[in-house]
Amino acid sequence: MPRSRLGLTLAAAALALAVVTTVGASPGTDLVQGIPQRGTVIGERTANVTLIQFEDLACTHCNTYMKLAFPTIVNDYVRPGLVKVDFRGLGIVTRASEPALRFVLAAGRQRKLWQMTEVFYENQAKLNEIATDKGVRRLARGIPGLDANQLILDSKSLSVRKQAAAHAVEADRRKVPGTPWFFIKVGTNAPKLVRPTAYSGEAFATLLDEALGR
């Protein structure tokens with residue numbers, strides 16, 4: 001084979017390998033990697049402040065919040081052990097919202113709820129396609145340690161359906177008008193509604209610093 005054609009072939013092979021190795025790569029899953037998770041909660045048990053966020057995986061405003069503010073919350077407050085974040089999912093925006101929510105709650109059974117949430121937001125434009133058994137099998141390949149078969153099985157379980165229903169009941173009780181919607185809980189006190197001025201790290205830093213007594 002001529003040297004020029006051999007070089008092109010090797011370059012093409014290298015490119016193909018690079019594509020294969022980056023399939024499923026996710027800035028969001030990297031963001032939460034290594035942080036303790038328990039069901040819907042991410043963060044250290046000892047954190048005295050809890051940010052409760054009501055969200056819908058199909059909500060574009062929620063996606064904006066997750067892209068602009070959540071990295072600051074995780075890096076500056078959750079990872080250092082100061083704050084926990086507690087997920088409350090609603091399934092109201094599109095027909096894909098409810099199945100996506102059940103998959104996320106099912107991932108929580110494997111302590112991977114926040115990785116699954118991040119991947120859904122990163123692929124939100126295709127939520128109708130990926131919030132399916134076939135779609136989550138593909139997405140699960142990019143989440144180390146996630147058992148796709150168990151995920152799908154749990155997503156159809158009565159316990160996950162009851163958990164999703166409980167989130168909706170709580171939203172009604174707390175008079176949540178839409179998503180995203182936020183409460184902050186300090187210690188054992190009742191959660192209090194907070195209204196950030198923007199979906200930015202700075203806006204949430206102000207709220208969390210106040211809750212931490214800074």
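**Exercise 1. Determine how the lining of the second largest pocket divides by residue class.**

*Solution.* The lining of the second largest pocket comprises seven nonpolar, one polar and three charged residues. In this classification Ala, Val, Leu, Ile, Met, Phe, Trp, Tyr, Cys and Pro count as nonpolar, Asp, Glu, Lys and Arg as charged, and the others, Gly among them, as polar. The structure is a predicted model, in which local features need pLDDT of at least 70 and side-chain atom pairs count only at pLDDT 80 or more, whereas totals for chains, interfaces and linings use all residues. Residues are numbered from 1 along each chain as its sequence is written, and side-chain values use heavy atoms, with hydrogens and water left out.

Next, identify the residues. The lining consists of Ile184, Lys185, Val186, Asn189, Ala190, Lys192, Leu193, Val194, Leu207, Glu210 and Ala211. A pocket is an open set of points on a 1 Å grid over the protein atoms alone, where a 1.4 Å probe fits, with protein on both sides within 12 Å along at least five of seven lines; lining residues have an atom within 4 Å of a point.

Then assign the elements. At least two lining residues come from each of strand 5 (181-186), strand 6 (192-194) and helix 11 (201-211). Helices (H or I, at least four residues) and strands (E, at least two) are DSSP runs numbered from the N terminus.

Finally, the pocket holds about 170 Å³ of space; grid points are joined across faces, edges and corners, and the volume is the space filled by probe spheres set on them.

**Exercise 2. Contrast Gln110 with Arg111 with respect to burial or exposure.**

*Solution.* First, locate the residues. Gln110 is found in the loop between helix 5 (97-108) and helix 6 (113-122), and Arg111 is placed in the loop between helix 5 and helix 6.

Second, apply the cut-offs: buried means under 20% relative accessible area, exposed over 50%, and partly exposed in between (1.4 Å probe, protein chains only). Gln110, at 18%, is therefore buried, whereas Arg111, at 51%, is exposed.

Third, examine the surroundings of Gln110. Its side chain reaches the backbone nitrogen of Asp147 at 2.8 Å. Beyond neighbours within four places in sequence, Gln110 is in contact (heavy atoms within 4.5 Å) with Gly145, Leu146, Asp147, Gln150 and Leu151.

Fourth, inspect the backbone of Arg111: phi is positive, about 60°, although Arg111 is not a glycine.

**Exercise 3. Describe the backbone features in the loop between helix 10 (158-173) and strand 5.**

*Solution.* Begin with Lys175, which is placed in this loop. Its phi is near 55°, a positive value in a residue other than glycine. Lys175 has a relative accessible area of 70% and is therefore exposed.

Continue to Pro180, also placed in this loop. The peptide bond from Thr179 to Pro180 is cis, with omega near -5°.

**Exercise 4. State which residues have the most contacts inside the largest nonpolar core.**

*Solution.* A nonpolar core is a set of buried Ala, Val, Leu, Ile, Met, Phe, Trp, Tyr and Cys residues joined through side-chain atoms within 4.5 Å. The largest has 55 residues, and those with the most contacts inside it are Tyr65, Phe70, Trp114, Met116, Phe120 and Leu127. Helix 5 provides the largest share of this core, seven residues.

Now take Leu127. Not counting residues up to four places away in sequence, Leu127 touches Leu57, Ala58, Ala96, Ala100 and Phe120.

A second, separate core of seven residues includes Phe54, Leu90, Val176 and Phe183.

How values were computed. Polar contact = N/O pair within 3.5 Å; in protein donor to acceptor, adjacent residues only side chain to side chain.
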